[in-house]
Amino acid sequence: MTNARACRSTAGCVAGRHGLDRATLRDIAVEAGISLGAVQHYFRSKDELLRHVIGYTGEQVTARIMAGLGDHDGAFSGRSFLRVMAAEMLPLDARRRSERRVLQAFGVRAADAPHLADPLREGYHWLHDQVAELIGRAQRAGELRPDLDAERESIALLAMIEGLAFDILLGVRDPGQAMASVHYHLDRLAAR
């Protein structure tokens with residue numbers, strides 16, 4: 001693993017455990033087993049490192065979604081994909097809770113810092129477009145109702161996942177209840 005990759009991965013872990021404000025470049029260097037100078041060589045500031053952490057987290061979640069689908073040679077259903085996607089985006093275990101804490105804290109921080117918000121905004125737009133396209137394909141395949149507006153359903157599903165993620169972190173809902181709600185919603189979209 002390169003030093004840059006180790007920094008991104010370690011920064012996500014440190015920030016997930018202790019929060020963004022308590023994740024220092026020094027702590028990240030110590031946990032990654034490299035010098036502070038090496039961290040600063042790749043990332044000039046904490047904000048720059050955090051932007052990379054968000055990208056890295058997105059890459060990891062995407063990889064797990066694809067792994068969760070297994071090797072189906074593209075034969076998986078759109079609904080199956082959406083279920084796997086939701087499961088990977090929700091904080092259902094310690095790793096995903098840590099990732100979600102980082103993403104939510106970064107989102108709060110980015111709301112006041114446009115230079116941090118841009119990569120987060122780009123990621124959300126990309127995800128929305130991918131989900132809308134997937135919903136459209138599932139409609140054309142007869143899996144989902146043809147009367148759905150794929151763009152709006154994408155917004156609704158992603159907003160639901162965000163809200164459920166927050167509920168899980170607060171202890172308002174347990175992971176099983178959250179996934180049951182996702183399944184209920186996707187079943188309501190199914191073609192009759």
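These legends walk through several close-up views of a predicted model.

Residues are numbered from 1 along each chain as its sequence is written, and side-chain values use heavy atoms, with hydrogens and water left out. Local features need pLDDT of at least 70 and side-chain atom pairs count only at pLDDT 80 or more, while totals for chains, interfaces and linings use all residues.

**View 1. The whole chain is built from 9 helices and 0 strands.** Helices (H or I, at least four residues) and strands (E, at least two) are DSSP runs, numbered from the N terminus. Of the 192 residues, 44% count as buried, meaning under 20% relative accessible area with a 1.4 Å probe, protein chains only. Among contacts (heavy atoms within 4.5 Å) between residues at least 6 apart in sequence, 66% join residues at least 24 apart.

**View 2. Here is the largest nonpolar core, with 29 residues.** Such a core is a set of buried Ala, Val, Leu, Ile, Met, Phe, Trp, Tyr and Cys residues joined through side-chain atoms within 4.5 Å. Leu82, Met85, Leu90 and Val131 have the most contacts inside this core. Helices α4 (46-69), α5, α7, α8 and α9 each supply at least two of its residues, and the largest share, 8 residues, comes from α8. A second, separate core of 18 residues includes Leu25, Val39, Val102 and Leu116.

**View 3. Which residues does leucine 82 touch, leaving aside its neighbours within four places in sequence?** Leucine 82 is in contact with Val131, Leu134, Ile135, Leu157 and Leu186.

**View 4. Helix α7 covers residues 114-140.** Its 27 residues should span 39 Å at 1.5 Å a residue (1.5 Å times one less than the number of residues), and the end C-alpha atoms are 38 Å apart, which agrees. Buried residues of α7 include Leu120, Leu127, His128 and Gln139. Just after the helix, glycine 142 takes a positive phi of about 85°.

**View 5. Helix α9 (residues 175-189) has buried residues that pack against α5 (78-89) and α8 (150-170).** The buried residues of α9 are Ala178, Met179, Val182, His185, Leu186 and Leu189. They cover an arc of only 120° around the axis (taken from the directions from the helix axis to the C-beta atoms), which puts them on the same side of α9. At the N-terminal end, aspartate 174 acts as a cap: one of its side-chain oxygens lies 2.9 Å from the backbone nitrogen of glycine 176.

Notes:
Buried < 20%, exposed > 50% of the residue type's maximum accessible area, 1.4 Å probe, protein only. Polar contact = N/O pair within 3.5 Å; in protein donor to acceptor, adjacent residues only side chain to side chain.
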